[in-house]
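Trainee: I would like to go through this model and test the labels. Ask me nothing yet; let me ask you.

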2 protein chains.
Amino acid sequence: MNGTLEAEQLDALFMALGDRTRRDIVARLSAGEATVKELAERYDMSMQAVSQHIQVLERSGLVSRGRHRQTRPCRLEPGRLEAAASWIEQSRRVWAERMDQLEARLAHLQDGEGR
Amino acid sequence: MNGTLEAEQLDALFMALGDRTRRDIVARLSAGEATVKELAERYDMSMQAVSQHIQVLERSGLVSRGRHRQTRPCRLEPGRLEAAASWIEQSRRVWAERMDQLEARLAHLQDGEGR
DNA sequence: TGCTTTATCAAGCGTCAACTTGAGTAAGCA
DNA sequence: TGCTTACTCAAGTTGACGCTTGATAAAGCA
């Protein structure tokens, strides 16, 4: 389990995080489970709208749902957050390595050893 | 400069990363600058299409463009990648803290000290 | 058994995103 | 001066997104 996903899954993941309401739901769920009704009240939004947001989050793998009486409590699946962070780190690392090399070559030149 | 952005900027940022071509452009630019034409050849795509992707990335703050002869070389601005990573880390941290607390309470109960 | 609560399904509406084509601009070259 | 290269602008098409309304399902309660 190294957090690496297919392009389609990354599409769904970053697309899900591209909506402010869904990002807030993720942040809210990081502190514990919540029901559709609770989220609808929190965002002053219809339950249908929240339900659709949850479905997007579920498709992205960020959220899963259980069953408890009439409710469908939503909980965060942090594995996908790790996958997103992992993708970002990959590009940041490549960039940082290149910058280090550029710096080293610049220092080399300033030592008067450039051709 | 702590990498924290407004909701609108995060919308643009994650939305920009929600497209596979744009993610690949970001990964490509992490290894160095590229022109619109080079990217169009790489993805077998019209220059207009690439130009529009670059505009999206520019609006998100992930990419900036210079001028060199007839070309507009694109380069990565890693600050926004850090901002995205930072947002993700925030939720992951909250979740991890809660998990630690739940574990501690479970251990407590198993020691026979539960109410 | 009906009534309420919680949530989903389905259809429709307005907006925006991704790409296309065609035209236009700006820089370098012959 | 024309011609090519690299790129952008503008308009149009197609499809997806976010939300709404109305109907429906499933569980608990009186």
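Trainee: Which residues come nearest to DNA strand C?
Mentor: This is a predicted model. In it, 22 residues lie around DNA strand C, and A:Lys37, A:Ser51, A:Arg65, B:Arg22 and B:His53 come nearest.

Trainee: What makes a residue count as near a strand?
Mentor: One of its heavy atoms must lie within 4 Å of the strand. The 22 residues around DNA strand C pass that test.

Trainee: Which part of DNA strand C do the atoms within 4 Å of the protein belong to?
Mentor: Sugar or phosphate takes 68% of those atoms, and bases take the rest.

Trainee: How do you know that A:Ser51 makes a polar contact with DNA strand C?
Mentor: The cut-off for a pair of N or O atoms is 3.5 Å. A side-chain N or O atom of A:Ser51 is 2.5 Å from a phosphate oxygen of DNA strand C. That is within the cut-off, so the pair is a polar contact.

Trainee: What about A:Gln55 and its distance from a phosphate oxygen of DNA strand C?
Mentor: The distance is 3.4 Å, from a polar side-chain atom of A:Gln55. With a limit of 3.5 Å, this pair also counts as a polar contact.

Trainee: Which side chain has an N or O atom 2.9 Å from a base oxygen of DNA strand C?
Mentor: That of B:Gln48.

Trainee: Which elements supply at least two residues each to the surface near DNA strand C?
Mentor: From chain A, helix H3 (36-42) and H4; from chain B, H4. By type, the surface residues are 5 nonpolar, 11 polar and 6 charged.

Trainee: Now DNA strand D. Which residues are closest to it?
Mentor: A:His53, B:Lys37, B:Met47, B:Ser51 and B:Arg65 are the closest of the 21 residues that surround DNA strand D. Of the strand's atoms within 4 Å of the protein, 64% are in sugar or phosphate, with the rest in bases.

Trainee: What makes the pair between B:Ser51 and DNA strand D a polar contact?
Mentor: A side-chain N or O atom of B:Ser51 is 2.6 Å from a phosphate oxygen of DNA strand D. The limit is 3.5 Å, so the label holds. A:Ser46 has a polar side-chain atom 3.2 Å from a phosphate oxygen of this strand. A:Gln52 has a side-chain N or O atom 3.0 Å from a base oxygen of DNA strand D. Two or more residues each of the surface near DNA strand D come from helix H4 (47-59) of chain A, and from helix H3 (36-42) and helix H4 (47-59) of chain B.

Trainee: How do the residues of that surface near DNA strand D divide?
Mentor: Into 5 nonpolar, 11 polar and 5 charged.

Trainee: Why is B:His53 called buried?
Mentor: Its relative accessible area is 13%. Buried means under 20%, so B:His53 qualifies. B:His53 sits in helix H4 of chain B. Leaving out residues up to four places away in sequence, B:His53 touches B:Asp19, B:Thr21, B:Arg22, B:Ile25 and B:Met45.

Trainee: Why is B:Arg69 called exposed?
Mentor: The cut-off is over 50%. B:Arg69 has a relative accessible area of 75%, so the label exposed applies. B:Arg69 is in the loop between strand S1 (63-65) and strand S2 (74-76) of chain B.

Trainee: And A:Arg69: buried or exposed?
Mentor: Exposed, at 76%. A:Arg69 lies in the loop between strand S1 (63-65) and strand S2 (74-76) of chain A.

Trainee: What is phi of A:Arg69?
Mentor: About 55 degrees, a positive value, although A:Arg69 is not a glycine. Most residues other than glycine have a negative phi. Phi of B:Arg69 is also positive, near 55 degrees.

Trainee: Last, the fold of chain A. How many helices and strands are there?
Mentor: Chain A has 5 helices and 2 strands. Along the sequence the pattern is α-α-α-α-β-β-α.

Trainee: Why is chain A called more spread out than a compact globule?
Mentor: The globule rule gives 13 Å for 115 residues. The radius of gyration of chain A is 21 Å, well over that value, so chain A is more spread out than a compact globule. The C-alpha trace spans about 75 × 30 × 25 Å along its principal axes.

Trainee: What percentage of chain A is buried?
Mentor: Buried residues make up 38% of its 115 residues.

How values were computed: Residues numbered from 1 in each chain as written. Chains lettered and ligands numbered in written order. Predicted model: local features only at pLDDT ≥ 70, side-chain atom pairs only at ≥ 80, totals over all residues. Heavy atoms only, no water. Polar contact = N/O pair within 3.5 Å; in protein donor to acceptor, adjacent residues only side chain to side chain. Helix = DSSP H or I, 4+ residues; strand = E, 2+ residues; numbered from the N terminus. Nonpolar A, V, L, I, M, F, W, Y, C, P; charged D, E, K, R; others polar. Rg over C-alpha atoms; globule rule 2.2 N^0.38 Å. Buried < 20%, exposed > 50% of the residue type's maximum accessible area, 1.4 Å probe, protein only. Contact = heavy atoms within 4.5 Å.
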